[in-house]
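User: I'm new to reading protein models and would like some practice. Could you pick one spot in this one and take me through it slowly, along with whatever surrounds it?

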Amino acid sequence: NLPVANVAEQSNDTLGYKVTMSSANAGVLKNGALGSLAYTAKYNGVTVTLSATAQQVTSTGATTTVVSATKPLTISYTGAAATSMMSGTYSDTLTFTIAAN
């Protein structure tokens, strides 16, 4: 449950909005050709599916006020013991998209 980001959601659409998230590596942290490890993520405390296909993480309904929310993103790695991992930088890219309903 390592905090890695706070995501700002802002909308002034009276019909509400949806936020989707996708993972370039489908839930795998990669270190080039040297290795990889699976990880999980929580968005606003809720476990999310890490997929290359966009997955909905927020959905709001109609509103009469501007919405401004900040939600935490945490990750946990689950793939390998630290003693079996090659040194280096492990990474993935998460893409968030907000769209009006």
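Analyst: What follows starts at one residue and works outwards from there.

Before we dive in, a word on the ground rules: this is a predicted model, where local features need pLDDT of at least 70 and side-chain atom pairs count only at pLDDT 80 or more, while totals for chains, interfaces and linings use all residues. Residues are numbered from 1 along each chain as its sequence is written, and side-chain values use heavy atoms, with hydrogens and water left out.

Our spot is Thr-58, which sits in strand β6, residues 55-59. Strands here are DSSP runs of E with at least two residues, helices are runs of H or I with at least four, and both are numbered from the N terminus. Is Thr-58 buried or exposed? Thr-58 is buried, because its relative accessibility is 6%. The scale works like this: buried is under 20% relative accessible area, exposed is over 50%, and partly exposed is in between, using a 1.4 Å probe and protein chains only.

So who are the neighbours? Leaving out residues up to four places away in sequence, Thr-58 touches Glu-9, Tyr-17, Lys-18, Val-19, Tyr-43 and Lys-71. Touching, or contact, means heavy atoms within 4.5 Å. One of these neighbours also has a polar link: the side chains of Thr-58 and Glu-9 make a polar contact at 2.9 Å. For that label, a pair of N or O atoms must be within 3.5 Å; within protein, one must be able to donate a hydrogen and the other to accept it, and residues adjacent in sequence count only if both atoms are side-chain atoms.

Now follow Glu-9. Glu-9 forms a salt bridge with Lys-71, and their closest N and O atoms are 3.1 Å apart. A salt bridge needs a side-chain nitrogen of Lys or Arg within 4 Å of a carboxyl oxygen of Asp or Glu. The structure holds just one of these. Glu-9 belongs to strand β1 (residues 2-11) and Lys-71 to strand β7 (residues 67-77), so the pair ties together parts that are 62 residues apart in sequence. Both ends are tucked away: Glu-9 is buried at 1%, and Lys-71 is buried at 14%.

The strands that hold this pair are partners too. β1 and β7 pair in the antiparallel sense over nine bridges, and strands count as paired if DSSP finds at least two bridges between them. As one example, Asn-6 has Pro-72 as its bridge partner in β7. In general, strands of a sheet pair through backbone hydrogen bonds, either parallel or antiparallel. β7 also joins β4 through five bridges, again running antiparallel; there, Lys-42 has Thr-74 as its bridge partner.

Another neighbour of Thr-58 is Tyr-43, and this one brings in some ring chemistry. Rings of Phe, Tyr and Trp (its six-membered ring) pair if their centres lie within 6.5 Å; planes under 30 degrees apart are stacked, over 60 edge-to-face, and the rest tilted. By that rule there is one aromatic pair. The rings of Tyr-43 and Phe-96 have centres 5.6 Å apart and planes at 35°, so the pair is tilted. Tyr-43 lies in strand β4 and Phe-96 in strand β8 (residues 94-100), so this pair ties together parts that are 53 residues apart in sequence. Tyr-43 is buried at 2%, whereas Phe-96 is partly exposed at 28%.

Finally, back to β6, the home strand of Thr-58. There is an open sheet of three strands in the order β6-β2-β8, with antiparallel pairing. Its edge strands are β6 and β8, each pairing on one side only. Neighbouring strands in this sheet are turned by 25° against each other on average, direction ignored; axes are lines fitted to C-alpha atoms (for helices, over the stretch in contact), and angles run from 0 to 180 degrees between N-to-C directions. β2 and β8 pair antiparallel over seven bridges. One of our contacts turns up again here: Lys-18, which Thr-58 touches, has Ala-99 as its bridge partner in β8.
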